[in-house]
Amino acid sequence: MKQTKFQLKNKLKVLLIESKKSPVVSVQMWVKTGSADEKKGEEGISHFIEHLVFKGTEKFRVGEIANTVEASGGELNAYTSFDQTVFYVTISKSFSDVALNVVSQMMGYPTFDSSEINSEREVVCEEIKMGQDSPNRRSSQLLFSSVYKKHSYGKPVIGYEKNVRGWSTKKIVDFYKSRYVPANMFLVVSGDFETADMKKKVEQYFSGFKNYPLRKVKRVKEPKQNKFQFKVQRYKIQDQHLHLAFRAPNVRHKDVPALDILAMILGQGDSSRLVKKLRLENAIANSISAFSYSPQDDGIFALSAHYQGDKFNDVVTGCLEQIKLIKNVAPDWAEIKRAIVAISSEQFYSVETVDGLANKAGSQEFYFNDQNAQKKYLAAINKVKPDDVVKVAKKYLKLEHLSVAYLGDVDESESAKQVAGIKDMWKQIVDVKPAVVKKAKAKKPVMPKLVLKAVKPGHDMEIEEIKRKSGITVVFCQSKDTPTVSAKFVFKGGARYEQPDIMGLSELAARTWISSTNKKSEEQMMHEIEESAISLSSFSGKNTSGFSLDYLSFFEKKALDLALENMLDCEFKEEIIKREKYMLEQAIKSKQDHPGSLCMRQFLKTIYGTHPLSYDATGTLETLARIKREHLVEHAAKILNPNNLVITVVGDFNKKLWLDKIEQLEKSIYHSPTKPMIHALDSFNSNKSEFLSSEKEQSHVIIGWRGLTIKSEQRFVLEAIEAILAGQGGRLFIELRDKNSLAYSVSPMKMESLETGYVGGYIACSPEKVDKAIDMFQKEFKKLIDVPVGTEELERAKRYLIGQHDIGVQRKSAICNMLAFDVIYGNDYNVSLNIAEEYKKITSDDIQKLAKELFTQPYAISIVGQKVKKQSAAKEETNLTA
C-alpha cells in the first residue's frame, strides 16, 4: 500500500492511497464544514446543500449524476455530521474518471437551480418527519440537546422544517461559496491505480475550482458544566430511552484512549459489566451500552439504556453501582486485555474495502492532519493500565458533569420528578465511601501483538468444495490479503421447522444457543469469545439456521474450539430461556414503535396467508408463551444433521485444522430424518389492501406481487428489473422523489424463497401523499409491461449490477455468505462468482416478458399510518403484535 499527499495550486489537499487488493476505487471529498459551523437561522443548511449538489451541475442535469455513476457500476452517496460533510463514489477502477468527474462537478460546479431547490425542500422535510418518527433519532437528539446548551452539537444536523422552507437561493449559494472552497476541503482517492497517473487526473479535474474567500467560523464554546441537568420528553412508544451523559474531551485529548477502554469495560460486548448485570444476569434492560464520543470539540461519555415497564430505578441503580465500582476499584487486567484486543482488531477489518481505506485516511487527515494518527492511537491504547481507567473515571464521571435525557410515554412532570431524583440516588450510591476492597495484584498478561504490517494484493480466489461421507459439504476459499477469516455453518431449517402455534421457536433458539455449556458458564463463555475479538453468533431465517464465525487468524484454534463447544454442548438452561423469552416479548411490543416493520409484517400476512413465509421471526406473545425447553432441544437435534449442513470458510485459515475440527463435529452429530422444506401456498386470487392505524408523522406503504423461487432461472432478470427501478438514477427515485417530491425514502423490494417470493415497492411519505404514491408505483410497474426498456437504460442496469457485485465481494463475509447460501439452496456458486456473464445475456424482451408474468398477478397493498380519505380503500386491521 502506497500513500502520497500533495496540494494543488488552489490549496486543495489530496491524499492518494494506492492498493491493489481489489479492482475498485473510492473517491471521497471531505468538506471541513458541518452543522456545528452554522449560525442561528442556518441550522440544517449544510445537510440541505449535501442534497442540492446532486441536483445539477455545469455538466450534469438533474438525475444525470446518479445515472452516470450507476451506469458505470458505481455507487455514490454523502453524509453530513456535526463536523464535516463527505461525498463519495465507489466504482470499478476502469471507471475512475467517472468518479473524479462527478465529484469534481458536485463540489466545484453545482448550479443551484431554484426550481430544483424548491422540489428538494419537500424531500428534506419528509426526511425530517422520518426522523421524528424514529425513537432512536428522537432519543439521540434529546441526548445531545441535554448536554449542549450553547454549542451547535445541541442542534439537529438535519435542521428544522421552518429553515428548509425559508432559505432563499441566494442564501444557499452564499453559504456554499463561503465554505465549499479548496482551502476548506481535501480529496481522498484509494484503490487500484497507479499514483503518477491518478495525480495527473486529479489535477485535470480539480485544479479549476474557484478559490472563494473562506468564511471563518468561531464555534460557540460550551460553558463549563457545574451542576446536574436533564431533559425529558413524552413520546408514545413502548420502550423507554435513558441516557446518562458526561462531558468528555475532544478527539485530540490524551485521555481519549483510556476513555475508550473505559467504555469497552462498562458497556460494549456481552462480557462488559453493564451488559452482564442489567441484560444477562437480571434482564432489566432490553439493551444497555456505554460509548465515548470524541468529535472535533468536546464530546461526551454516555451510558444508554432501553427498557420497558417500571424499571427506571433498577436501571439507574445498576448504572450508578458500576460507576461507583470503576471509580474506586481498578479493573482486572483481563478486562483491559479484552478491550485492547477488541479495539486493535478493528484495524484489520477497516482495510477490507477501498472505502474503509479512504475513511481511515480521511478521518486521520480531518482530525489530526497526520496519516500516522491511528498507529499512535493504537500505541496509546496498548499502554493503558488499570489505574489509568480509574483516573479517567474519577475525572469525568462526576455528578456535576452529568446530563440525563429521558424519552418515553410517561407524563413529563412525572418523568422529570423521576429523573431529578437521580441526584439523590448518586449521593446515596456513588458518593458513599465503599468498603475497602483488597485485590490481589495481578501481573500484566502477555498481550498479543496485533499489528497490520501490509495489505497484500488480491488474487483470483482459490475455491475448493469437499463433500464429506457424513453428508456435510465444505467450501474453502483462501484469501490471504489480511489475517482475517469469515466462516458460516448453515443448516436447512429456520421458520420452516416451526409449527404455527410455536412461531418464534427458531429465533428463540438462536438467542439462547450461544450461552452456557456443560463446561462453561455463560459469563465464562462470553469472556473467552470476546477476549480474542472473536465474533460468534447464531442466526435463523425463513429457510435456514446456523452460526456465523469471524476471527483473526492469530486466534484460529480458540475460535473453532469455542464455536464447536457452543454448537454441540449448549445447555439451553431454563433461566436463560426465560430471560430471552422475556426479551423477545419486549421486542414484540417494541414493534409498535416501528411502523415500517409493521407494514412489512402486514404485507407478508396478506400475500402469503398462513405459509411460514408470513411468520414473524419473533413470534407473537401467545406463541412465545407456549415454547418450552423441550421444544428448543428437539429443534436443535433436528437442525444438527450432517445432511443438512454446509460449511464455508473464507480468508487466511489453516485448512488442516479446519478439517480436524470438522471430523470432530462429524463424530458428535447424527443423521436424522429431514423434514420437508416445501410448504403448500395459500391461493392468492384477488387484489388485497390492508390498513393499520398509526399516529406517526409518516405513512408507510408497500405494494407487491408474488415473485420468483430462489432457483428460478429468471432471478437474474428480476435483479435487472430491480436495478432499473433502484438507485438514485432509477425510475422510482427519479419519478417519485426527484420529480414529485413524495418522499425521502422510496425503493423497490424483492425476495426469493423456495415456493415463491415477492417483488414490489416501498415508500415512507406524508399521509396525504399515499394515494399518489400508490398510483405512481402502479404506473411504473405497468410501464415495464407496456414499454420495452431501452438499450441505454438496460445497459445501465447491467453495469450497475456488475459493479455492485464487484464492490460487494471486497468483504470476506460477503463471499462467505454467497458461497454458503448458493450451496445450501442447490445453486452453482460459480454462476454467482461470474455473475457478469448472466447479466450480459439479459434482453429487453426478457424484462418485458417477466414483468408481464409478475405484474399482471393480483397484488397486495399494506399501509401503516394516519387515516385520510380514500387510501386505496384499505381495510383496517388493528393489531399485528398480539
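The largest nonpolar core of this predicted model has 59 residues, and those with the most contacts inside it are Leu 242, Ile 261, Leu 262, Phe 301, Leu 303, Leu 320 and Leu 402. A nonpolar core is here a set of buried Ala, Val, Leu, Ile, Met, Phe, Trp, Tyr and Cys residues joined through side-chain atoms within 4.5 Å, where buried means under 20% relative accessible area, exposed over 50% and partly exposed in between, for a 1.4 Å probe and protein chains only. Helix α9 (residues 256–267) supplies the largest share of this core, eight residues; helices (H or I, at least four residues) and strands (E, at least two) are DSSP runs numbered from the N terminus. Leaving aside neighbours within four places in sequence, Leu 320 is in contact (heavy atoms within 4.5 Å) with Leu 244, Met 425, Trp 426, Ile 429 and Val 430. A second, separate core of 53 residues includes Leu 12, Ile 65, Trp 167 and Met 185.

The model is predicted, with local features needing pLDDT of at least 70 and side-chain atom pairs counting only at pLDDT 80 or more, while totals for chains, interfaces and linings use all residues. Residues are numbered from 1 along each chain as its sequence is written, and side-chain values use heavy atoms, with hydrogens and water left out.

Helix α4 (residues 114–133) is largely enclosed by the rest of the structure, because 14 of its 20 residues are buried.

Two residues other than glycine have a positive phi, as the table sets out.

| Residue | Phi | Loop | Relative accessible area |
|---|---|---|---|
| Ala 533 | near 55° | between α19 (522–530) and β15 | 15%, buried |
| Ser 741 | near 50° | between α27 (731–739) and β20 (743–752) | 6%, buried |

Most residues other than glycine have a negative phi.

A search of the whole structure finds four cavities of 30 Å³ or more, a cavity being a set of points on a 1 Å grid over the protein atoms alone where a 1.4 Å probe fits but cannot get out, with lining residues having an atom within 4 Å of a point. The largest cavity holds about 60 Å³, a volume being the space filled by probe spheres set on grid points that are joined across faces, edges and corners. Its lining includes Trp 513, Phe 539, His 635 and Ile 639, and the elements giving two or more residues to that lining are α18 (505–513), β15 (535–540), β16 (544–552) and α24 (629–639). Helix α18 gives the most, with four residues.

Definitions and conventions: 1 Å grid on protein atoms, 1.4 Å probe; cavity = no way out; pocket = protein on both sides within 12 Å on 5 of 7 lines; lining within 4 Å.
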